[in-house]
Amino acid sequence: ARQTGQLEAEIDALYAQTGGQGSAEAAALQQELDTLRAEKEALRPAVEAILESQVGSELVEDGVAWLDSPFPPVWFTFTEPPKKLIVSPRGRIMTAYYAMLKPAISAAERETTEDAIFQEHNLSAYVTNIGGLGAFPTQVIDRAPIDWVLTTIAHEWVHNYLTLFPLGLNYSTSSDLTIMNETIADIVGDEIGLRALATFYPEEAAAIAQQEAAAENPDAPPPAFDFRTEMRHTREIVDQFLALGRVEDAEQYMEIRRLLFVENGYDIRKLNQAYFAFHGSYGTGAAATSPIGPKLEELRSLTPDVRTFLQIVRGFTSPEDIDRALDAWRP
């Protein structure tokens, strides 16, 4: 999958350099790409079955099972998920509307859609890629490292699990419940996925652990640009502007910050209220300011295993349920 992406990028670069004209080199790369795609497609069913089994085995070990199998089953397919359109009011960061769009929508079409919503409805809009989709089977992109693939498979499984209970059934009824669903899927998905990585791909797990240890070394020089810190700071300032009703100032500030991120290697195409409405729904992410994320992380730290954690949170219907659960589990 990684080789496929590299070949596509090389072909696009050749066409860009020649003004859209083909070349013998591009034709040769295209033939190589077609062969590679055929090989990948032949392998795909077996690879999917292996990864499903690996993630499923970790769920069974944690007791999230029925008749010695995870329930619902871990079932996914490698595909290109749809794009997602998120719409937010300009004066407040929240998801007022969302829709799934075709995967092949071009960058120009994304810009046109966002601009039309802004001009015609005075709303902030953002069209983004997503790494997976909690359908059944779930959809996951394949051009990513194995640790990301495993955690995403587990993340999307959590969404399918939660749809059997009140929390998942009420996913879209409020921003808080969306954040709760996504944060729980992140927490459990990361835990189960990384455990599967350690069990079945120990060398990759060891390499990641080494990288994390190096990053956390107190004697190591701080990064020249810390994305998480800078994005969290950006969100906090935007929230302050919007709380004062200074919408245009917030939008000008976000554009200035977007350019700063681009200068430091983070190619953010658009940074607006809808961007934060989407990325802020992941309570443990850099774009989030909701207290829901840290509270759910604390609750997971207090529970003995994933099964218990899921049994507690699956019935939640409001953020207040988290506080009640914390009161019950805190020593």
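This passage walks through a predicted model, from its confidence to a small sheet, a cavity and two backbone oddities.

Residues are numbered from 1 along each chain as its sequence is written. Because the model is predicted, local features need pLDDT of at least 70 and side-chain atom pairs count only at pLDDT 80 or more, while totals for chains, interfaces and linings use all residues; side-chain values use heavy atoms, with hydrogens and water left out.

Start with confidence. The chain averages a pLDDT (the predictor's confidence in each residue, from 0 to 100) of 89, and 95% of the residues score at least 70. Helices and strands here are DSSP runs (H or I over at least four residues for a helix, E over at least two for a strand), numbered from the N terminus. Helix α12 (residues 306–313) comes out highest, at a mean of 97, whereas strand β7 (residues 132–133) is lowest, at 74.

That low-scoring strand β7 belongs to an open sheet of three strands, in the order β3-β8-β7 and with mixed pairing. Two strands count as paired if DSSP finds at least two bridges between them. Both β3 (76–78) and β7 sit at the edges with a single partner strand each, so one side of each has no neighbour in the sheet. Three bridges join β3 to β8 (residues 138–140), and these two run parallel; Phe78 stands opposite Val140 in β8. Helix α4 (residues 146–162) packs on the sheet and touches β3, β7 and β8, where contact means heavy atoms within 4.5 Å. The direction of α4 makes about 160° with that of β8 (axes are lines fitted to C-alpha atoms, for helices over the stretch in contact, with angles from 0 to 180 degrees between N-to-C directions).

What about empty space? A cavity is a set of points, on a 1 Å grid over the protein atoms alone, where a 1.4 Å probe fits but cannot get out; lining residues have an atom within 4 Å of a point. Points are joined across faces, edges and corners, and volume is the space filled by probe spheres set on them. One cavity of 30 Å³ or more turns up, and the largest holds about 40 Å³. Its lining includes Trp75, Phe76, Thr138 and Trp157, and α4 supplies the largest share, three residues. Seven lining residues are nonpolar, two polar and none charged (Ala, Val, Leu, Ile, Met, Phe, Trp, Tyr, Cys and Pro count as nonpolar, Asp, Glu, Lys and Arg as charged, and the others, Gly among them, as polar).

Finally, the backbone. Most residues other than glycine have a negative phi, and most peptide bonds are trans. Leu67, in the loop between β1 (65–66) and β2, has a positive phi near 55°. A cis peptide bond, with omega about 0°, joins Phe71 and Pro72, and Pro72 lies in the loop between β2 (69–70) and β3.

Methods:
On a 1 Å grid over the protein atoms alone, a cavity is a set of points where a 1.4 Å probe fits but cannot get out, and a pocket is an open set with protein on both sides within 12 Å along at least five of seven lines; lining residues have an atom within 4 Å of a point.
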